[in-house]
Each structure stands twice: as C-alpha cells, then as structure tokens.
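Here's a quick briefing on how the chains are arranged and how a few strands and helices fit together. Have a look at the model first.

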There are 4 protein chains.
Amino acid sequence: MVEKRKLEGLIAAPFTPMAADGSLNTVAVKLYADLLAASGVKGVFICGTTGESASLTVAERMALAEAWVAAAAGRLRVIVHVGSNCAADAIALAQHAERTGADAIGAMAPYFFKPQTAAELVAWFTPIANSCALPFYYYNMPSMSGVSVPVAEFLALGGRAMPTLAGVKFTHNNLMEMSQCLMLEDGRYEVLHGYDEILLCGLSLGAVAAVGSTYNYAARVYNRLIGEFRAGNIAAAARLQQYSVKIVEVIVRHGGGVRGGKAIMKLMGVDCGSCRLPLAPFTEEEYAALRAELEEIDFFNRVK
Amino acid sequence: MVEKRKLEGLIAAPFTPMAADGSLNTVAVKLYADLLAASGVKGVFICGTTGESASLTVAERMALAEAWVAAAAGRLRVIVHVGSNCAADAIALAQHAERTGADAIGAMAPYFFKPQTAAELVAWFTPIANSCALPFYYYNMPSMSGVSVPVAEFLALGGRAMPTLAGVKFTHNNLMEMSQCLMLEDGRYEVLHGYDEILLCGLSLGAVAAVGSTYNYAARVYNRLIGEFRAGNIAAAARLQQYSVKIVEVIVRHGGGVRGGKAIMKLMGVDCGSCRLPLAPFTEEEYAALRAELEEIDFFNRVK
Amino acid sequence: MVEKRKLEGLIAAPFTPMAADGSLNTVAVKLYADLLAASGVKGVFICGTTGESASLTVAERMALAEAWVAAAAGRLRVIVHVGSNCAADAIALAQHAERTGADAIGAMAPYFFKPQTAAELVAWFTPIANSCALPFYYYNMPSMSGVSVPVAEFLALGGRAMPTLAGVKFTHNNLMEMSQCLMLEDGRYEVLHGYDEILLCGLSLGAVAAVGSTYNYAARVYNRLIGEFRAGNIAAAARLQQYSVKIVEVIVRHGGGVRGGKAIMKLMGVDCGSCRLPLAPFTEEEYAALRAELEEIDFFNRVK
Amino acid sequence: MVEKRKLEGLIAAPFTPMAADGSLNTVAVKLYADLLAASGVKGVFICGTTGESASLTVAERMALAEAWVAAAAGRLRVIVHVGSNCAADAIALAQHAERTGADAIGAMAPYFFKPQTAAELVAWFTPIANSCALPFYYYNMPSMSGVSVPVAEFLALGGRAMPTLAGVKFTHNNLMEMSQCLMLEDGRYEVLHGYDEILLCGLSLGAVAAVGSTYNYAARVYNRLIGEFRAGNIAAAARLQQYSVKIVEVIVRHGGGVRGGKAIMKLMGVDCGSCRLPLAPFTEEEYAALRAELEEIDFFNRVK
C-alpha cells in the first residue's frame, strides 16, 4: 500500500483559467497558486466540477495538471481529478498525473451510464485507481453525477480492490453518511468535507480537511472558522459560517459556484475569464452587479 | 401577536399507539408520557409523520390530541400536527387543539396538490394558522411532502400574514437553508432541528431544540450529546452522534423510523402495536431480529 | 366474482362544483350530468384528481357521490374514487358508494407512505376492494401519487386477492406498460386510458375506454377522433389529437387540467366555482384571458 | 440552408463492436452493415447511447465513423452522433463526420452542466451545428441526459440560429410533446421516433422515421408493423407491437437495451463483444439464459 500523508485543512477546487478567446490560459496558474498559498490554502483539487473538466479536452486537462504541479512548487498538495465517462481517458489522465508529479488523484463516478451499486462502482474504478500508484479519492457528488451509491459500502468494498484508495471527497448533504464514512474501520479513510456552506457541520462530525470552490477566494474566512472551532468557540464559528452562507447566496444569484465563483476570482485579481459553454459568458453588467452585491456584504474586507 | 415561550431541548415525535385489532389505543398514552417525561424529553409533536397522522381519521386525531394533553399534564409541551390535504380538516383540527389545551400546532405542506412557491404556501397556511391563537410551526419535510419551497422565504413572507408563525420544524438535509432560517430577522423564528442522526450539526449551526422519532426511546443519549456540546466537548458529542447513527442504521433495516421505531417502543415497554397499512405489520420474527441487532450495539444499556 | 360490464368510450373526470363561499355545490351536478350525457360521454369518474378529492372532507365526498348517482340516472356509469391515505376512510367511502348505487369504485395508491412493491400495493388495496362488491379500478398516476409500482405485476397479483379487481385507470406516459396491462391474461383487465392528449396512442395499442378531464368539455372532439380511428382514418384522428394538444396547451398556461379546466367548465355553462386551496382562485382577468385564448383556437365552435 | 432529404423508415442505432480485449473492432462493421441493409433498415445513427459513445475516446469515435461510412456504401444513411460535454470535441467530431462523408450529425445535450432553457440549449448547439454543413438532429433523451428542455420551443428557436437544424431524435415518453414537434411550422422539422416499444404510437401521431436499438436485430418485425399500420390494420400492428414489448422485456432483464441488446447481436451473428465498463461484461451463463428466453418467445424465427 502506498504511504499516505493525510490531507488537512482547506483544499481549493480551482477554476480553470481561460483566455478571452476561450482557450486554456495556463499562464495564469502561477499567480493563482501564489494567491492560494498566501491565503492559507493547503492544496488544490484541480480539473473537477469547479475546474470545468467536462468542458475540457483530454490534452487540455493534461496541460493544466502540468501547470499546477509546476506552480504549486511544493507549497500546495495537488490532487488531479481524472474522472471521465471513458475509462481509457481516465487511465491516461491518471498515469499522466503520476508522471507529472501530482500528489494524488480523484475521480467522480461515470455519469452517463450510472453505476447502481457499490460493487459496480468498485468495478469501474479499480482499473483506473490501479493504473498508477498515487492515492485515490472517490469524488462523491450525487447532485452532479446522479450516482447515489452508499459511500461507506463503496469504501469498505473498494479498499480491498484498490490499495491506493485513500478516501472520499464527500460533496453531499447526507451527513449521516459522512459520519458512517468517518467511523469506518476506525477512521481508515479520509473524508474530505465538500459543501463549504456547511463546513462547520463536517468539522463537528470529525472531518479535518475540506475541498471547495469558495476556498479559492475566501480561505481566510474559513480558516478563522476552523480556528474558532478548534478553540471551542462554536458560536463564533457559526457566525463565520453564516457569513459564508451570505457569500454562497451571492454566487447562487450569479449562476452558482462555478460561474459566479469564477467571476469573483477575477475581482480578486486572477482573471480566469468566462466559463465555457454550456455555462454562459459573464457580462460586464454582471460583473458590476456582482461587485456591488459583494461590497454590500463587505466581502472584500472580510476575505483579506 | 401571541406570546411565545420558545422551545428548547428534545421534542419527541410519538408513535401512535394501536391495539391488536388496529384501533386507536389512547390508554397507552399515559404510560408513554410518563416514560418520555422521565427520560428528559421536553415536549411532544404528536400526529406527525411518526404518528401516522395520514393513516388516521380526523376523529382519531382529535381523540389522540385529547389523550396527550391530558397525559402530558404540564410536564411536556404538546404540539399537535394538524396538517392535511383538506384545509377544512386542518382548520377543524387546529381549533380542536386549541380547545383541548395544546401548546402549539404544526402542519406539513399539502402533498397532493403541491405548492410551488413561498407565496402559494403562505396562502395555503394563512387560514389554518389564523383559525386559532396557538403558535404555529411549519413542518418542512420535502422527502415526504415533495414540497421544496425555500423555507427562509416562506418564513419572511409568512410572518406578515400569520401573527402566530413561530418557526419551522426543519426536517431536511439542506443545512445551509437551516442557517438561513436561523439568521432570519435576528433569530426571530424558532428552527426545530429535524434529523436526529445529524443533531450535532444543527446544534453547531445554532439550533436549540429538536423534534425527532428516536427521542422517543433514546433521549438520554441525545441529552448526553447536548451536554457534551454545551461543555465544548465536540469530539465526545460526535462519538455520541455516531452511536445515534448506529441506532438509525438498525431502524432503517426494519422499515425506517416509523415502522422500525414503533417496534423499538414496544421493546422499551410501551406497546404501540403495529403500524397501519400501507406500513406492514411487524412480525414476531422481526421483533426477535430487532432485539438482537439492538443488543449487538448495547442499545438497552446505553439508552438508560 | 362480480359480473362486470366493461367500460367503453369516454369517461369524464368531473370537476367538483363549489359555491362562491367555497362550499360544496351539489345542486350544479344535475345540469352537469345533463351536459355530459348530451355530449356523448359514457360515464363519470368522480372525486378523483380532477374532482379535488384530497381537498374534500369525507362527508363532502359522500354527498357528492349521492348527487352524481342521482343525477346520472342511469345515463352515465358512475365510478366513485374512494382513495385515501387513511384505509378506514377509504373503506367507509367504498361501502357508501355501494349503498348509494354507484357502478364501480376506483382508488389511487396512498401517497404519504408510499408502497414500493406490487405486493405492498395489493396488501393495501385488498381490505378496501373487498369491503364492497363493486368492481374496483386501480388508479395509477405516478406523477401525482409518487407511487411507481409495475402495474401489470400489480394486476396479476391483485386479481388473486381481489375478486372485484376490474382493471386500471392508466394515467401515465409509460405506454409500454399500458401494452403489458392490455396483454395480461388475454385481456382480462380493463385498461382505461388516462392522458387525453395522447388518446390516439392508447387506442392504437388497444384501449377501448378512457378517463380524463378534457372529456368534460370537449367530448365531441374526442368522439370524432375515436370515430376516425375506428374508420381507419388515422391521419384524420391525428389531426384531432393535435387539436386536443392545443386545448391542453391552453389549460397548462392556466394552472393545469384541474384549475384551468374547471374555469373552462364555467365558460361552457356549468359554474363549478374556483378550486380550493392550495390551487389558487381564478380571477376575472384570468377568465377573460382564458376565453380569448380558447377563441383563438376556435374552441367554442369545435367542441359543439 | 442545406438541402435535406428527409429520413423515413427504420434507423438502427448500432452497438459498437469491440474485440475480446475491449479494443474497438472496426472490422466487424462491414458484416454488421450488410446485415442491417438486408433486414430493411434505412440508416444508422452511430456512436449514440447504444453505441456507447460516452465510453469511447474521440479517436475511436472518428475511426468508427469512418468504418460505418465505408461499410454503408450508400446503402444506409449514416448519422454520426457527435455529442459531448466538451464543445471542442463535439466540433472536431462534427467536422470529421463531414469530411468522412456522413449524411448527417446528431447530438445529445451536455449532461454534466445541464442547460435549463431552450435558449441555453440553442446557445450550446449553435457553434457545433454551424461548424459543418451537415443536417443536424437534436437527440432528446431526458432519461439519460437529465436535460428536459421543451423540445418544440428548442426547435422553433434553434431553427433561426442553426440553418442545418433538421429535426429531433425524440427518445422520450412525452408523446404530447412529440405531437407539438410534428405540428411545428407545418411539419418543418423531422421527428424521429425514439422508443421502439411504442413505435405504433409515434406512427399514429404522424412520425415517419424511427431510431432505435432493437432495429439492429428485429427490423423485420417492425417493418411488418409499419406495413400493417400503412394498410390500416391497426389491431394487427398492435399485436406486432406487443411482440416488440416481449423482446424489450427480455433485454430489460439482461441489463437494458445497450447491454442486453449487444448480447443479442452476437446471437444474430455479429459478435460485438461485451460492453465497456461501467456496463458489466456479459458472461457465458448469461448468453445461455438470454438465448433460452429468446427462444421461449420464438424470437429467432420471428425476426427472420
């Protein structure tokens, strides 16, 4: 079994920077990584939902992985999402991630033909995880994948077939299930909390690491929240969580965490451009409205 | 506006006791109330999902309300669920609850014709809530009702139309929404946490009361959890929550919180009989299996 | 086994007439029945979805059944929907229907606690169907009930437990399943087609009777469609079906088949009042808009 | 606008032949095309759901398109499915299809980020459709894509943005919507019927072409059905449709139209191998059971 240094703290799920013509902008990754490292983020989960991996070609995903590993320069753990509906593509991406020097891989369930059982999901992931030696995190996000396999059962079964199975990125509201994953085999598996707006709940249940899109631009708020939680000041942590809810309310009004969040990133100084279709381009009017809504909640001061 | 003494602590959602022939067994309510009061429960939310209100006639629901108010005898707050797809029945039940001396009413959204917006839901509840002077709690449970109206928006709008609107029984996994409800108008509305297996999450976010079915038989576990939480021992609270998850895993294997829970109640000394159809009767073999599974997790000692 | 005269032709699902104050208006039923009989309708399926049974008290449902049996006066077959989440209420309604002289009963699955299998659904219906001697039709409408039990399996299993099981009111888009029901045991069970806007599909597959809400006011269009179908003029039948689609498009814009359809009924001369909450009252502005939209498709001439 | 020769009759959605090691087997395509042409099929819709396009690399999809165009040799119209979540890949596939000599392209909606409105879907498809001059069919299949945009609205709007928009492959149970598409702008758009087991319904409503997976091996049954329909023998057509239902019942028991159907193809003489993961490999035991079930319904004689 591969040695695993467990993840702890905040892992940002970066937006994928794109140029004005919609092409990949790997140049922006260096500045992006500097900003994340400075904000207290511990790692990046690249090319996932927030990274619009479904909208990228395989070649672009590989180029992006190379850019992030280079830019992270040891300051940030780099987890590369290699999930695809095509197993051959997923394997190619996993092996490329390993060659590139990434720290781990993650993958969402296939979402066209949808596995119905834990056994089917294990059968799907086994050749992918076993194609390289990097730790593997299952990316559980039923709201996007439509795959609702019991996660603890998947981990229990999967650990036997995939020696590198490290845990789960748990992006789901079912926190009883998160508890089940945390309890499993005396905490053998890492459970990366997934919904930023309820991070405090995950911490309370025992999660110690979290992956999310708002950590790209508001990591300091969440690190304060974690600090209050660790100090036993739950009420103070809850107030910071409520502030995070207000941020999320803003991005929801602007198309959600990917589209709205990507626009915030530009306001924070890293121009990642617009999302690719089918997510609509962000207009100048929208940027102005977004900025005004953020100022109304004193966002730019609070995320400093 | 009616004066409202806010709810705090555990509110059990009682099973409805039935005799061997399936008829209502109001006699058992006295013993049931004694047991609850002794276990540290603060109130009861009767005739809800757990109480199988949908399977009862209006006359039975009234008889049950009378039995509970009498048995509670001031030791337990009594909230009567008056929800129905028929507004006339709901109004009759609300007015009866008031005459009977209940402390509050609650109601689920109608679930045949389903309101789509907060405004429609307010229009539905206004004549019901305003038919009596008791505090009114909206019972939000999208998994059963199929009604997914934004709750904070409902409260904000509903507070203007219904002076007695006291808050929401929030039985849903969307804890960001729970935060929104807690924040609303500086905490004007009570938010009764609804999923027992994630109570710690609700407490972390600021909820101070909870309604649930496992508080019928495991209130002491949850009161210990609340105690650890209040003392700042979150890790200890999380372990108690994990124990609650194990209880819930048992009831899920036996048909869920209503059917499996009702059978546990018999093992705890209050024979509530079987559920009514469409929930299948509980067989002797099932009782034996249930007892064995509970013993395996040391249930009977831990809930003492 | 009870002798069954099979249903054939159009069965209207009547709106429930209500007075200006929202109370039941049984007086209107006589005129309503005259109009239906004159339009070529063969029967009525009362107190179903269109009849807002979920919004009526049990007493009102009984009063309505009495009014319809009296008004039908042998000209229309009367099927009384007795479905309820409360088995005791359903049985009371079934026995009342029989005493009243109805021709048959129908019932939707319980939709609060939802049966998951054919066996559970048979267990639910058996005491209800067997409480009287009238033919029993299972009312399958997953879009409203949320119950998706395989219907052919239900019929096959149910026929053994319920000697009166006559068939199914099949209100669903799954026409492969309708074929399965039609094929079952050499056509033993009646399959009442359920979505008016695709009646031609049901006829093509072999259905000979249909229950629907637009037959209340547009029976002549559908009888012409049936006539063309019987004469082998499928293209002409398809054109009439397309006209029915245009009618349905209008009612969808006005809140759907129940709310919009009830308003059309007033324009046809039978004032059934507004729907009960949670369906919103119909305003004068809406009546004007509805009339204009109907005139635009030459409705009032075509349904003559 | 490109000149469009409208599709008519049966279009098979071929399985993608794979070798024993799981690699693409383009060699089998020639035999496959001969068999289809001999069975009365008029065209092929390749690389769609049945063709497991989501499980293929872009390079494999291109190789397959080349093989089919070559094998069709003018006997079969070749529509190449170019849908992808990545617009760049879809455009590359569309332009390749045109260069290769395909007759048309089709594309499913993106199913990771899901368009919510007709306008969003038109915005997505416009650069793809306009990247080549081939007729474009929108492949509407909400059960797989999770995208439920009103199709007639999409066509009406899309026809202005995409001069090549030819119609829709309508794979959905909502036959009212199919009627709306058929009616639109006096039948401007082709509506390719999509669920084989209810083909008779589509024909009744006016569809004249159909795309499906069972036409790969049972085209003669369906051509007989079409013949009876054209001759006005609807009852005879309905009996043939019931036979098709029996075939579909068999494949459903074996994993559905893709997995079970691909196995039938081997029994018919074209060895397409197993499906790729996440669809499980077909075992020898399963082949034996499948053959027995097909023989029980006299399949091999009836599809001759």
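Contact here means heavy atoms within 4.5 Å of each other. By that yardstick, chain B and chain D don't touch, and their closest C-alpha atoms lie 18 Å apart. Keep in mind that this is a predicted model, where local features need pLDDT of at least 70, side-chain atom pairs count only at pLDDT 80 or more, and totals for chains, interfaces and linings use all residues. Residues are numbered from 1 along each chain as its sequence is written, chains are lettered from A and ligands numbered from 1 in the order in which they are written, and side-chain values use heavy atoms, with hydrogens and water left out.

**How the chains sit together**

- No contact joins chain A and chain C either, and the closest C-alpha atoms of that pair lie 18 Å apart.
- Chain A lands on chain B after a rotation of 180° with 0.0 Å of shift along the axis, at an RMSD of 0.0 Å (least-squares superposition on the C-alpha atoms of residues with pLDDT of at least 70 in both).
- That makes it the relation of a two-fold axis.
- Within chain A, A:Cys201 comes closest to the rotation axis, with its C-alpha at 2.3 Å.
- The copies meet through the same surface, because 100% of the interface residues of chain A are also interface residues in chain B.

**Strands in chain D**

- Helices (H or I, at least four residues) and strands (E, at least two) are DSSP runs numbered from the N terminus, and two strands pair if DSSP finds at least two bridges between them.
- Strand S1 (residues 9-12) of chain D runs parallel to S2(D), joined by two bridges, and D:Ile11 stands opposite D:Gly43.
- S2(D) also pairs with S3 (residues 77-81) of chain D, parallel again, over four bridges; here D:Val44 faces D:Val78.
- The chain gets from S2(D) to S3(D) through helix H2 (residues 58-72), in a right-handed β-α-β crossover (clockwise from the first strand over the helix to the second, with the strands pointing away from the viewer).
- S1(D), helix H1 (residues 28-38) and S2(D) form a right-handed β-α-β unit too.
- S2(D) (residues 43-46) is covered on both faces, with D:Gly43 and D:Phe45 buried on one side and D:Val44 and D:Ile46 buried on the other (buried is under 20% relative accessible area, with a 1.4 Å probe and protein chains only).

**A helix pair in chain B**

- The axes of H1 (residues 28-38) and H9 (residues 215-230) of chain B come within 9 Å and cross at roughly 10°.
- H1(B) and H9(B) are therefore roughly parallel (angles under 35 degrees).
- Residues making the contact include B:Tyr32 and B:Leu35 of H1(B), and B:Tyr215 and B:Arg220 of H9(B).

Technical notes. Buried < 20%, exposed > 50% of the residue type's maximum accessible area, 1.4 Å probe, protein only. Axes fitted to C-alpha atoms, helices over the stretch in contact; angles between N-to-C directions. Parallel < 35°, antiparallel > 145°, perpendicular 65-115°, else oblique.
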